[in-house]
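Student: I would like to learn how to read contacts between chains, between domains and between strands. Where do we start?

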Amino acid sequence: MSAPTREPLTGTLIFERGAPESRCVESPALDVPDVSLSEVLSGRQRTEPPVLPHVTEVEIARHYERLASANFGVDSGFYPLGSCTMKYNPKIDEWACRLPGFAGLHPYQPPETVQGALEVMWELQELLAEIAGLPAVTLQPAAGAHGELTGLLAIRAYHTANGDPRARVLVPDSAHGTNPATVAMCGYEIVQVPSDERGGVDVAVLNTLLDTDVAAIMLTNPNTLGLFDENILEITAAVHAVGALAYCDGANLNAILGKSRPGDMGFDALHINLHKTFATPHGGGGPGSGPVAVSGALAPYLPGPLVARAADGAFSLVTPERSIGRVRSFVGNFGVLVRAYAYIRALGGSGLTEVAEQAVLSANYLKELLRDVWPLPYDRVCKHEFVLSGGRMRKQTGVRTLDVAKRLLDYGIHPPTIYFPLIVDEALMIEPTETESKETLDRFAGVLRTIAAEAAEDPGLLQGAPYSTPVRRLDEAAAVKRPDLAWVPPKGGPG
Amino acid sequence: MYPKDLKYDREHEWVRLEGGIAVMGISHFAQDQLGEVVYVDLPTAGVVLSAGDSFGEIESVKSVSELFSPVSGEIVEVNDALSDTPETVNEDPYGDGWMIKVSLSDPSQVDALMDADGYEAFLAEAE
Amino acid sequence: MRFIPVTCEEQAEMLRVVGADTVDDLFVDVPAAARLGRPLALPDPLGEVELAAHLEDLASADSHAGSVVSLLGGGCYDHYVPAIVDAVISKPAFFTAYTPYQPEVSQGTLQAVYEYQSMICALTGMDVANASMYDGATAFAEAALMAARVMRRHRVVVSAAVHPEWRETLATYVGAGVLDIVMCPMRDGVTDAAALRGLVDDRTAAVLAASPTFYGALDDLETLAGIAHDAGALLVAGTNPILLGVLEPPAAYGADIVVGEGQPLGNPQSFGGPGLGIFACRQEHLRQMPGRVAGRTTDVDGRTGFVLTFSTREQHIRREKATSNICSNHALNALAAGVYLSAVGREGLAGIGRACVAKAHYLESRLVETGRFERVFSAPFAHEFTLRYTGDVAAMQARLLERGFFAGLDLGRFRAEDAGCVLFAVTEKRTRAQLDRFVAEVDAL
């Protein structure tokens with residue numbers, strides 16, 4: 001008897017399921033006189049219908065349940081993806097954003113009909129301002145990179161208004177790729193600042209790079225090595241001394257909630273990733289939300305609309321006087337804002353501070369458990385994450401960090417961020433977040449030790465991993481050389 | 001791995017002199033570092049290069065590198081076959097994996113490049 | 001703590017392992033002057049029961065599509081969302097996943113993205129679509145930047161008939177002087193083609209237009225494409241995807257890049273966000289396309305699988321030379337669109353489109369018959385149309401809100417010349433009874 005087989009979870013497309021007569025949702029019956037499309041659309045009616053699936057509801061339900069089974073989310077298990085803050089996403093936030101009084105709002109409704117939504121937004125602006133230590137907040141940006149664009153354009157507008165347009169923006173070599181990409185979109189020349197041996201900005205080099213043609217520095221603090229820059233006050237002071245401004249990439253805000261505020265460090269602008277620090281889900285890549293908090297000097301340049309509260313308590317949308325203009329349609333990723341608001345109100349100030357404390361304690365704990373397995377290139381107290389180097393393992397065994405990551409999948413653990421930051425050889429960037437139990441952290445450390453032992457004994461085992469996932473290593477080179485980016489119906493088939 | 005009849009530069013390009021024409025590609029070391037090459041973006045013949053100019057890009061799945069010409073001159077021929085089979089750069093970096101041919105405006109620039117021994121010493125030092 | 005599973009005892013043990021007496025010892029690297037040194041001045045924590053009540057209070061202060069009959073459009077629409085859509089996007093394995101950087105455990109997301117891309121290609125007629133942008137406006141701005149890269153030209157001509165928020169977003173994106181924008185006037189609710197011909201030249205990277213336009217009118221994309229192509233420029237065409245069951249796809253008219261707001265495809269209005277930025281282009285321009293894209297390939301055992309591909313275009317690899325700075329996109333909204341399009345299917349999408357068009361034309365005629373509204377444009381329209389009100393728009397809208405209607409969008413708030421004009425959108429959700437009641441209320445004004 002042959003072994004029973006299961007249909008693979010993935011691979012069969014929704015287009016390949018169902019039959020031409022299959023239907024899920026029927027169109028509503030037409031209760032007004034029908035029209036001749038060719039007549040009312042002046043001949044612009046579609047002649048060939050788009051090739052969409054033909055499926056029943058049960059087939060859709062099963063199809064996506066299979067796909068979901070082939071996915072890994074925070075609810076599936078440990079997800080220590082450095083720089084991404086994969087914390088638990090509370091379910092009440094999902095419930096809240098679906099309330100009809102939020103999900104059913106049109107952005108152009110009269111303001112008096114959306115006072116509840118505007119109150120959520122106004123409150124969130126206030127909450128984020130206090131957390132950031134900066135007085136003005138726009139909720140408009142859709143994501144972190146979008147926030148960077150907003151912040152840097154505001155900085156540009158500020159310099160231009162002062163009659164002092166500047167040419168360059170400084171970015172450390174440890175920066176997220178979005179930082180240099182944003183600098184380029186804003187028409188600035190980018191100058192890379194090296195890191196020093198403690199993993200912070202090399203202040204001596206920074207001082208040689210600062211002059212009155214520098215518009216801004218973009219820093220992440222804590223930085224992408226998970227380290228708080230001990231010289232941050234000196235750095236922002238030196239930046240200000242030449243008339244430049246300091247932008248903070250807030251990707252790592254989770255580490256310092258209630259402990260230290262970017263505004264108090266001397267930053268003039270900060271974007272906040274609600275989908276990291278404030279527990280809104282990543283959705284398999286988005287939507288996120290990237291509010292920007294700025295100093296009083298930059299506030300007039302924020303994109304409109306912002307939410308204002310009048311003396312009588314009524315909320316309205318206003319556009320700042322010298323606004324750079326909107327950076328998207330409507331008011332922001334409101335559904336994400338509701339989730340973040342609910343999260344902040346659930347925790348309050350004390351809860352958010354505990355979040356930072358536990359996130360930092362868990363990272364330092366894990367760092368201690370792993371420091372003898374992989375070298376720690378920057379050995380000092382870390383914040384919410386830390387970076388190990390797989391360089392020695394690669395030299396000794398030929399096993400790369402990529403192989404370690406793939407082997408972790410066989411143990412049911414999502415790998416850390418790998419090969420970032422670029423300044424660490426064979427980097428493993430580990431961010432446990434505060435929402436993981438000690439048991440989970442201990443198991444993770446144990447699994448990594450086992451994997452290190454496997455690497456020493458049988459490198460091929462790791463180089464062939466994973467073995468137990470829905471698919472194994474994929475041919476990414478073929479994906480580029482023979483692009484297949486959209487399904488097309490087979491010729492002569494039912495289509 | 002590093003043929004003796006070629007010259008090399010610090011950006012890991014190689015140059016072979018064929019009369020007044022310099023044939024160019026990337027070294028074994030460079031292709032090994034990149035991993036499987038999936039795309040090579042090359043200019044068209046007729047483009048005039050100065051030494052140090054970027055003349056294209058080479059990509060693996062997760063990296064992209066600029067290609068720099070160590071010599072000056074006009075591009076007289078481009079290896080168009082690489083657009084269909086970029087992996088030739090991995091398989092035969094010094095043969096079918098060549099990239100451009102340049103009519104040299106200053107042949108002495110070739111003399112200034114490293115020979116195979118010099119390049120291997122340069123790689124050992126970088127390591 | 002509700003979301004922190006570590007016990008006090010375990011914290012003490014962890015501190016011991018770390019070699020710290022207190023958690024504050026782990027913040028010694030923060031200079032004293034940068035420490036907050038006081039509790040955050042935020043409200044106290046709320047338990048889940050109190051939090052739920054608070055949120056319900058806030059939400060119930062709003063009027064919404066379930067309590068008021070909406071005739072509002074202008075980029076965000078009250079379409080029916082099949083129940084299966086929320087059931088799928090509520091699966092934690094979808095919504096709590098990160099970007100699918102580890103494809104072996106992200107096949108669900110990746111296959112769903114590939115299917116979404118396939119559906120967008122089917123709708124628009126284009127060769128490739130990306131995995132999503134933030135919204136229609138940012139997709140529009142990114143299309144202008146892409147056209148400039150493709151053409152190596154630095155000027156775009158933008159139709160004044162395009163949604164003002166799309167145009168403003170574009171202006172902000174290129175505010176640093178990276179592109180010059182030339183505005184092309186509109187005529188009869190669409191792009192003034194004669195004027196366009198005089199504005200496009202060999203410095204133009206692209207003509208940017210949309211059909212339907214902001215005013216609901218169908219633009220003549222074929223003519224616009226011809227004008228653009230004669231100058232060697234591209235045509236960027238905005239579209240509304242829910243109409244592409246009944247409208248000829250932009251590719252049929254020669255569009256080179258197609259963008260759109262995908263909210264109508266299975267996403268709630270949600271006060272305008274998150275939306276879904278649709279972005280599709282020709283295969284030959286793939287390497288200049290912004291955003292993520294999923295591709296189909298095979299694994300080491302020969303099984304079909306999916307990966308993020310052509311990543312060398314993106315910021316995490318190409319950094320300052322990337323095609324865009326976009327990282328997070330709107331993947332969950334794209335998933336919703338994929339489920340939506342599967343649920344309605346090809347006949348369903350055409351049926352929805354036909355219902356929207358028929359109901360919109362019904363309402364338009366009835367409103368004109370009341371004598372209180374006048375036609376402004378003669379261009380054809382689909383499910384959205386502009387009429388001029390003969391009286392005071394604000395007073396009319398306030399009165400009709402009392403009667404339970406969001407009576408269209410006052411266009412005077414966007415452009416002074418459009419004062420008195422109102423944009424109405426009619427979706428398949430509107431019933432004849434609602435429309436008749438609305439007309440009766442207008443009659444009674």
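**Reading the interfaces**

Tutor: We start with a single ion pair: Arg318(C) and Glu57(B) form a salt bridge, and their closest N and O atoms are 2.7 Å apart. Keep in mind that the model is predicted.

Student: How many salt bridges are there between chain B and chain C?

Tutor: The count is four. A salt bridge here needs a side-chain nitrogen of Lys or Arg within 4 Å of a carboxyl oxygen of Asp or Glu. The polar contacts between chain B and chain C come to five residue pairs, with both residues at pLDDT 80 or more.

Student: Which elements of chain B give two or more residues to the side that touches chain C?

Tutor: They are β6 (54-59) and β7 (64-68) of chain B. By class, that side of chain B holds three nonpolar, two polar and four charged residues.

Student: What area is buried between chain B and chain C?

Tutor: About 610 Å², with carbon and sulfur atoms giving 45% of it. In terms of residues, nine from chain B are in contact with six from chain C.

Student: Now the other interface of chain C. How many residues of chain C are in contact with chain A?

Tutor: 188 residues of chain C are in contact with 200 residues of chain A. The two chains bury about 16,400 Å² between them, and 64% of this lies on carbon and sulfur atoms.

Student: How many salt bridges does the rule find across the interface of chain C and chain A?

Tutor: It finds 14. One example is Lys259(A) with Asp24(C), where the closest N and O atoms are 2.8 Å apart. For polar contacts, the count between chain C and chain A is 94 residue pairs, both residues being at pLDDT 80 or more.

Student: Which element gives the most to the side of chain C that touches chain A?

Tutor: α11(C) does, with 24 residues. That side of chain C consists of 100 nonpolar, 50 polar and 38 charged residues.

Student: Can the same reading be used inside one chain?

Tutor: Yes, with domains in place of chains. In chain C, the domain assignment gives domain 1 (69-81 + 348-443) and domain 2 (83-338). The C-alpha centres of these two domains of chain C lie 28 Å apart.

Student: What do domain 1 and domain 2 of chain C bury between them?

Tutor: About 2,400 Å², of which carbon and sulfur atoms give 65%. On the domain 1 side, Val81(C), Leu349(C) and Phe377(C) lose the most area to domain 2, together 23% of what that side buries. Contact involves 31 residues of domain 1 of chain C and 29 residues of domain 2 of chain C.

Student: What is the count of salt bridges between domain 1 and domain 2 of chain C?

Tutor: Zero. Polar contacts are found, however: nine residue pairs, both residues at pLDDT 80 or more. On the domain 1 side, α11 (331-369) and β14 (384-389) of chain C each give two or more residues, and α11(C) gives the most, with six. The residues of that side divide into 19 nonpolar, seven polar and five charged.

Student: Last, sheets. What is the strand order in the open sheet of chain A?

Tutor: The order is β10-β12-β11 (chain A), paired antiparallel. β10 (386-389) and β11 (417-418) of chain A are edge strands with a single partner strand each, so one side of each has no neighbour in the sheet.

Student: How many bridges join β10(A) and β12 of chain A?

Tutor: Four, in the antiparallel sense, with β12 spanning residues 427-430. To find the pairing by eye, look at Val387(A), which stands opposite Met429(A) in β12(A).

Technical notes:
Residues numbered from 1 in each chain as written. Chains lettered and ligands numbered in written order. Predicted model: local features only at pLDDT ≥ 70, side-chain atom pairs only at ≥ 80, totals over all residues. Heavy atoms only, no water. Pairing = 2+ DSSP bridges. Domains from an automatic or database assignment. Contact = heavy atoms within 4.5 Å. Buried area = accessible area lost by both parts, 1.4 Å probe. Polar contact = N/O pair within 3.5 Å; in protein donor to acceptor, adjacent residues only side chain to side chain. Nonpolar A, V, L, I, M, F, W, Y, C, P; charged D, E, K, R; others polar.
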